[in-house]
Every structure is written in C-alpha cells, then in structure tokens.
Amino acid sequence: RKRKRADHIYKQVTPRTSYSLLSIEIGSLGEWDKILSMVDVNFGREIMEVDSSSEGSFDSGRHLESTATQMVVGTINSGPLMEIIPSVDSPQLDVAPGVDSPQLVETTSITEPDSQPVTVDLTPFFVTDQVFDSREAIIEWCQEVGKKNNTVLVISHSKRTLKGKGSRITLGCERSGWYTDHKKKSLQPKPPEPRKRKSRTRKCGCPFQLKCDWVEGNKWTLRVVCGRHNHELSDTLTGHAYAGRLKEEEKQLVLHLTATGVPPQQVLIALKEKSKENYSTLKTIYNVKSKHRKSQVEGKSAMQQVMELLAQYHYVEKHRSTEETNEVRDIFWAHPESMLLAKCFPSVLMVDSTCKSNRFKKPLIHIVGISSIGKLFTVAFAFMEADTEQHYIWALTQLKWMYMPNTLPSLFVTDRESALVNAIDIVFPRSSRLLCTWHINQQVQANCEKAFEDNEEWEQFHTDWNHVWQAETMDEYGDAYADFATKWAPRYPSCIVYLRDTWLIQKEKFALAWTNKIKHFGNTTTKADKEHENLRKYLVSAVDSYSTCWKAMHNMIKDEIAQIKFSFELSLTTLNQEHLSPALEELRNHVSHKALELVLYEIHHSENLGNEESSCRCFLHSTHGLPCAHELVKYVPQGKAIPLSNIDSHWKQLSIVPTQELYNGFDVLPEFQLLRQKWIEAVEPRRSLLLRKIKDIATFKTRN
C-alpha cells in the first residue's frame, strides 16, 4: 500500500517540478515512511544520490516511474543512507541521527535514457554591486544584459508601496512557469466561435530568477536567486514576442508609413534599418495596425467612419438614409481636385462596378475620366446598397450634379450590365455609350474557350474573332465576319451563335468600323480596366472594411493627381527633341506631349500618303480631334506650322483649373449643337465654307 502511495505521489509531483529522481538505497521497509513524508513536504527540492559501501538487498526491487523522470529502487542497505538537499530558497532538512554525512552527486533531469541534460548558468552576468536610481533603470539594465545573452526577461511579480519601502520586483525568464488555461470551465454549451485565434506557449518551468529590492534613498539593488536556465538559449531573439515589442516612437513610425500606403514588408525593413536591435516580425506590424484600427473605430459604425474621413479631408459627399433607422444606404463622394479635373475633361467617362472590394459585399462604383496627357483619373466613388437600376440612377444623378449644364459628359464606356446601361440612358439621354472591349473579350473567353480541346485551335479562333471587330470599315467588317463564320461555324456552331446573338447584335457599341466615327480620345479598350486594376492593388484585399477601402482610394487619388500635375508642368515647360519640328511651332508648350506624339505619328503616316486624300480615313480627326494625314499634307511639306485652332480643346487644357464661362443658355440651343456637330464631322473644303458663314453671322450688323 505504501509503495503504491509513493508511486502515485511521484507521478503527480514530477511533471510540475524541475528536480530529478535517482537511485535511493533503503535499508528497511520502514524507510518508506520517511520517503513519503519527505516527498509530501519538500516540493522544489532535489533528491540526490548518496554513495554507500554497505551491502544488502530488498526482497523485491520496484521501479517508480513518472512521465518525465524515474526513481529506481535497487539494492537496499541495512541502514538509512538518504538525504534531501534543498534548492536555492529551501531550508536545509535535518539528517536522521546516526547517519554519516553523504557524498553529493550533481544530478540533472532525465528526458531520455541516452540524452544529456541542458543547464545554462548565466549567474556571472547578473551579479553586480551597482545601485540603480529607479525602478525603470534596474529593469532596463537586466533586460539589456539578457538580450546580450539571447535571453528575454519579464516581470514575474511586482509589489509597490506608497512610500517605497517594501517594494520589490521579481524578474524571470519568459519560459518560467507552466501553461495555465484561464478559460472558465462550464457545462453550458458554448456558442460557435466564428474565428479562434491560434495560441502557443514557451513555458517549460525555467527556474531563472532575479530579485530587485528597494533600499533607502529610493534606490534599487539586484540579487540573483537562481541564474540557471533549464533550456537551450535561442540563437536569435527574432520571433520572441516580448523582445520584438516596439517602442512608442517606432509605433508612430509604423502608423505614419501605413497611412502613406507603404506595404507592411517595407515598414518592417524601415524599422530594422533604423535600429539594428529591432527584433520585430511582420506579425508585429500587423498587430500594431490592428490595435490602432480598433481604437479608431470603437463605438462607430462602418459608414460613420467613412463619413468622418470624408469630412476630415474635405470631400464632396452625398448620401441617403432609411427613414426608420436613419442608416446610410448609399453614399457618393468625390475629391475636390478630382471634381476640377472632371470639369476640365468632361467628354469621356468610364464606369465600372464591383462587389468584391469589401467584406460587406456591397457594390462599389468607380467613375474614371481621361486627361489631356493620356492619364486616367478618378472622378468619383459610390457605395450602394444594391446594384439595381434605381440605385444606379441615384448615383449617376449625383454625378450629373458635378457638371455645368453645357459641359455634360458626351460618352460613357461601360460593360454590358443592363441596370447600369438603363440608368445612363435615363440620366444622360443625349450621351453616347460604348462597350468596353476588354470586358467583351473576357466574356468571350469564358463562354467559348471550354468548347475547344486544342489550345492552338482556340488561339486561332480568338485571333480571327479579333479581326472581325477590329475591322476599320464596314466593308472590311462584312468580309471578315463572312470568312470567320464560314471557317468556324461547321465545327463550333454554338460559339458562332453566341457571338452573333450576344455581341454582334450591338456591334455599333464596340466594333471599330462604327466607333472610329466617335470622339472617344482612344478610350474604348483596356485603359479603364487598368485603372480599376490599379484600385484593386491599392485595396490589397477583397475583404477589407469600408474605412480601409476608403483610405486605399484616398491614397490612389492623391497619387493620380500628383502625377497629372507633374505631367502638366512637363508639357508647359519642356520639349523633346522630336518636338522641334517646324510643323509643331504653334503647338509647342500649348498642347500636351501626348497630343504632340499623336500628331508626329500622323505626320509620318502622311509622308506615305502623298497627294491621295481619298486614302486618308480621318480616324485621328474623328476619334481624337487632331488633324489627320490629309490635313497635315497642307502644312508639313511646305514647312508651315500647324494652326493651334486645328487642335481640340481637350488637348489644350494643361491645368486642373477649368476655364470659367458664364452660362447664358446659348451653348445648349439645339441649333448650336447641330452646328457644332457639323463642324466636327466636316473636312476641308466644307469646313472652310462653314467658317465663312459663321464669320458672316458674327460680323453681321443690324440697323438701329
């Protein structure tokens, strides 16, 4: 019975203590009582093996085993030859009378039969007679010495008094103690947790301990209680949470860099370049960002956060709420300088909608314009409750409010979403509409590629399809489609039917044979989607909150405006070598570099044209508002300068400040619009005839 009790006690005690049990020679069965009493009262003490020359035996040897160590009971002497040696803070236990002094043997924990124990003694590094001026000073000194030896020290216990007397601090290794589950035990069923944070523990019962005591004069002294570690020291402190904590100035740097759009990886690099003793990891950066974000949004709804940010940065904002709960349903906003750019370049707008930009899965509208330097810019954003026609009408109505009645957008480039298309026709009935060819190609690939088993055959099919819609004249389009249908209809009739009934039925919206007659400034293909892709890069993740999305949009808009202003300045003050041509004398520093590049390209084309004006298709004139090849023939060969009046006003705008014109109603007269349209479509010599008639009307004098 006593043996079973001893075995039970050792199994309970050994996993929680740092001592080891070795062979103990016992002379008689009565010595079991002493063993049990010593085990009961001497927690935290080490049982040491003693040598003896006595001989004897016990009738039946028994092995007492535990999960971490073993005690082997072997040959037993006739007399008690056992002593318990106390550890650092334990008092010496009295030895039984009549027992010779034992010979002590150093022992270590046994994890495996052949493994050697791990013991690292750092006592010499912490022994000091220095008196510290403050509590913070002694803690800092201990932690710095620990870092130099790849050890992380934390405050295990602390006691403070008002007068200071009796104050003390206990510092220990970060691996001291044992893991304790602090969750309350309950038989009640717990609700399912949406997300459970993974946790780990470093604790292994390390005995290392320092004592810091307050002394007279408000000073502090240090003494080493136990300088040993029962584990190997780390090669580096990187990855240790306590050592990787950021100082206050480092936290401010993280928040500042994050606010300017710097990725977390670059933030971490900046921290390590600033301090070589920085042991932070990428997880540390994410934790600082998360804590700051929670402090900012505490007690505020997502929309309240967005509206506060809009007011802080002086955005123009419109929203509507539900009457019952006053909850914001839809919100529309535009940057002040984006509004100026929109008024400077109102002709073409590209509209795209996505539901994957935030974790609430609400539609986000992104409206994009095109500047005179060829760079795209964000006009406005809108979060909507749903992507229905009524919601699109509300958002586009707020967009219309930004423009003067005589400068409304004349062209929209969108995808094939019916609700958006119908809303544009209702809010902007006089504007034209084109389909984005990038979206078309994406849909064609998604619906037709799966019908092909051979990848090379699919590539050929896709190339032939591109030849159809990229035909520049109606005759070329008819021939290309006839060849395409004849070649592929027998083998893939379903693909031909899909293209005909889905896309070619509205060929006027995307085929070049028709869009080459519309002034779109080259924006019918993937440029708009590149801008939307740029937005996705700023958003980083498709599950961000409203406020995170807004901050990403704000940073993107600031970058766009800065780049456009820089390009404006280049066009006004600098020249490239090829811009020194005599034909560009009147255009230099008065139109954008993008316009000069297009004109130069057309000049090279006119050199091959000769005097055959009929071969010029005037695409540059009709789509970009720039002189085409047959017009340039009249100036370039004779060394004449191209008149600035031949350039569309879109390319002359080199500032974000729009030209102020008083609205008098004349620009919106139907007759004026008709005359303007005829002027745009006219070519020489008809344009000269129109100009003479306009001069006659302008100089006509009436009698009083």
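Me: How do you know that strand 13 and strand 16 (residues 411-414) count as a pair?
Reply: Count the bridges. This is a predicted model, and in it 3 bridges join strand 13 to strand 16, with the two strands running parallel. The rule asks for at least two bridges, so 3 is enough to call them paired. You can spot one of the contacts yourself: Met-350 stands opposite Val-413 in strand 16.

Me: And what makes strand 14 (residues 364-370) a partner of strand 13?
Reply: Here 6 bridges join strand 13 to strand 14, and the two run antiparallel. With at least two needed, 6 passes, so this is a pair as well. Look for Asp-352, which stands opposite His-366 in strand 14.

Me: Why is strand 13 (residues 348-354) called mostly covered?
Reply: Buried means under 20% relative accessible area, and 6 of the 7 residues in strand 13 are buried.

Me: What makes Asp-213 and Arg-223 a salt bridge?
Reply: Side chains of opposite charge can pair when their charged atoms come close. For Asp-213 and Arg-223 the N to O distance is 3.1 Å. The cut-off is 4 Å, so the pair qualifies. Asp-213 lies in strand 8 (residues 209-215) and Arg-223 in strand 9 (residues 219-226), so the bridge ties together parts that are 10 residues apart in sequence. A search of the whole structure finds 10 salt bridges.

Me: Are Asp-213 and Arg-223 buried or partly exposed, and how do you know?
Reply: Asp-213 has 18% relative accessibility, and that is under 20%, so Asp-213 counts as buried. Arg-223 has 45%, which falls between 20% and 50%, so Arg-223 is partly exposed.

Me: How do you know that Glu-457 and Arg-491 form a salt bridge?
Reply: Their closest N and O atoms are 3.0 Å apart. That is within 4 Å, so we call it a salt bridge. Glu-457 lies in helix 13 and Arg-491 in the loop between helix 14 (474-488) and helix 15 (493-503), so this bridge ties together parts that are 34 residues apart in sequence. Arg-491 has 47% relative accessibility and counts as partly exposed.

Me: What makes Asp-648 and Lys-519 a link between distant parts of the chain?
Reply: Start with the contact: Asp-648 forms a salt bridge with Lys-519, with the closest N and O atoms 2.6 Å apart. Then check where they sit: Asp-648 is in the loop between helix 21 (629-632) and helix 22 (649-652), Lys-519 is in the loop between helix 16 (512-515) and helix 17 (527-539), and the two are 129 residues apart. Both residues are buried.

Me: Why is the group of Glu-453, Asp-454, Glu-456 and Glu-459 called a patch of negative charge?
Reply: Asp and Glu count as negative, and these four gather on the surface, so the name follows. Take Glu-459, found in helix 13 (residues 455-469). Patch members need over 30% relative accessible area, and Glu-459 has 41%, so it clears that bar.

Me: And what makes the patch with Lys-678 positive?
Reply: Its members are Lys-678, Arg-686, Arg-692 and Lys-693, and Lys and Arg count as positive. Helix 24 (residues 686-699) gives the most to this patch, with 3 residues, while Lys-678 sits in helix 23 (residues 670-681). At 40%, Lys-678 is over the 30% needed, so it can join.

Me: What makes the phi of His-314 worth pointing out?
Reply: Most residues other than glycine have a negative phi. His-314 is not a glycine, yet its phi is positive, about 60°. His-314 lies in the loop between helix 8 (302-312) and strand 11 (316-321). With a relative accessible area of 63%, over the 50% limit, His-314 is called exposed.

Me: What about the phi of Asn-589?
Reply: Phi of Asn-589 is near 65°, again a positive value in a residue other than glycine. Asn-589 is in the loop between helix 18 (546-573) and helix 19 (593-609). Its 26% lies between 20% and 50%, so Asn-589 is partly exposed.

How values were computed
Residues numbered from 1 in each chain as written. Predicted model: local features only at pLDDT ≥ 70, side-chain atom pairs only at ≥ 80, totals over all residues. Heavy atoms only, no water. Patch = residues over 30% accessible without salt bridge, like charges linked within 9 Å, V, L, I, M, F, W, Y side chains within 5 Å. Areas by Shrake-Rupley, 256 points an atom, 1.4 Å probe, with all protein chains shown as cover. Salt bridge = Lys/Arg side-chain N within 4 Å of Asp/Glu carboxyl O. Charge placed at Lys NZ, Arg CZ, Asp CG, Glu CD. Helix = DSSP H or I, 4+ residues; strand = E, 2+ residues; numbered from the N terminus. Buried < 20%, exposed > 50% of the residue type's maximum accessible area, 1.4 Å probe, protein only.
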